[in-house]
Amino acid sequence: AEIDLAALRRNADAIKATLRDPGVGMLAVLKADAYGHGAVACAQALVKRAWGFAVSLVEEGVELRRAGIDQPIVVLGCYYGLSHRDVVAYRLTPVVAEHGDLARLARAADDLGVARVGVHRGVLS
């Protein structure tokens with residue numbers, strides 16, 4: 001499948017035009033390689049329109065960072081396995097659903113000399 005990036009930008013502009021609160025932004029969900037349409041190309045097309053991006057996996061967020069995407073990237077998946085270090089190193093915002101992840105993220109931050117790690121809190125168990 002091919003995606004019309006100009007149409008994607010127009011659609012994003014149309015959505016933004018309907019937002020009544022100027023403090024509300026658009027988080028573009030690009031999980032699964034933007035549903036098979038190319039996450040990097042879609043992110044680059046939306047970089048001035050979305051306040052941030054959401055992905056399912058740490059690896060997807062790393063791919064966007066390596067492509068030069070600097071906006072916030074929220075990792076929606078709640079399992080990070082051995083990827084806590086990448087979450088911190090690539091300035092990704094994980095959804096945290098387990099207290100243990102907070103400790104692992106703190107250790108990764110200490111190892112990398114990072115003072116703060118942003119998280120999105122899910123329902124903690």
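## Strand pairing

Strands S4 and S5 run parallel and are joined by two bridges. Within this pairing, Val96 has Arg121 of S5 as its bridge partner. The model is a predicted one, and S5, covering residues 120-121, is where confidence in the protein chain is lowest, with a mean pLDDT of 78.

S4 also pairs with strand S3 (residues 73-75), again through two bridges and in parallel. Here Val75 stands opposite Pro94, a residue of S4.

## Confidence

Over the protein chain the average pLDDT is 90, and 94% of the residues reach at least 70. The highest mean, 97, belongs to helix H3, which spans residues 39-46. Where pLDDT is low, predicted coordinates should not be read in detail.

## Helix H3 and its surroundings

How many of the eight residues of H3 are buried? Six are, so the helix is largely enclosed by the rest of the structure. The buried residues are Ala39, Val40, Cys42, Ala43, Ala45 and Leu46. Buried here stands for under 20% relative accessible area.

Several elements supply the packing around these residues. Three helices take part: H1 (5-18), H2 and H4 (58-66). Two strands, S1 (27-29) and S2 (52-55), also pack against the buried residues of H3.

## Tyr35 and a nonpolar surface patch

Tyr35 lies in helix H2, which covers residues 31-36. Its phi is near 55°, a positive value in a residue other than glycine.

Tyr35 is also part of a nonpolar patch on the surface, where Val29 and Leu76 are the other members. Together the three residues have about 270 Å² of accessible area. H2 thus appears twice in this report: the helix holds Tyr35 of the patch, and the buried residues of H3 pack against H2.

## Arg91 in the loop before S4

Which residue in the loop between helix H5 (84-89) and strand S4 (93-96) is described here? Arg91 is placed in that loop. For Arg91, phi is near 55°, a positive value in a residue other than glycine.

Arg91 has a relative accessibility of 47% and therefore counts as partly exposed. The class of partly exposed residues lies between the buried limit, under 20%, and the exposed limit, over 50%. The loop holding Arg91 leads to S4, the strand joined by two bridges to S3 and by two bridges to S5.

Conventions: Residues numbered from 1 in each chain as written. Predicted model: local features only at pLDDT ≥ 70, side-chain atom pairs only at ≥ 80, totals over all residues. Heavy atoms only, no water. Patch = residues over 30% accessible without salt bridge, like charges linked within 9 Å, V, L, I, M, F, W, Y side chains within 5 Å. Areas by Shrake-Rupley, 256 points an atom, 1.4 Å probe, with all protein chains shown as cover. Salt bridge = Lys/Arg side-chain N within 4 Å of Asp/Glu carboxyl O. Helix = DSSP H or I, 4+ residues; strand = E, 2+ residues; numbered from the N terminus. pLDDT = per-residue confidence, 0-100. Buried < 20%, exposed > 50% of the residue type's maximum accessible area, 1.4 Å probe, protein only. Contact = heavy atoms within 4.5 Å. Pairing = 2+ DSSP bridges.
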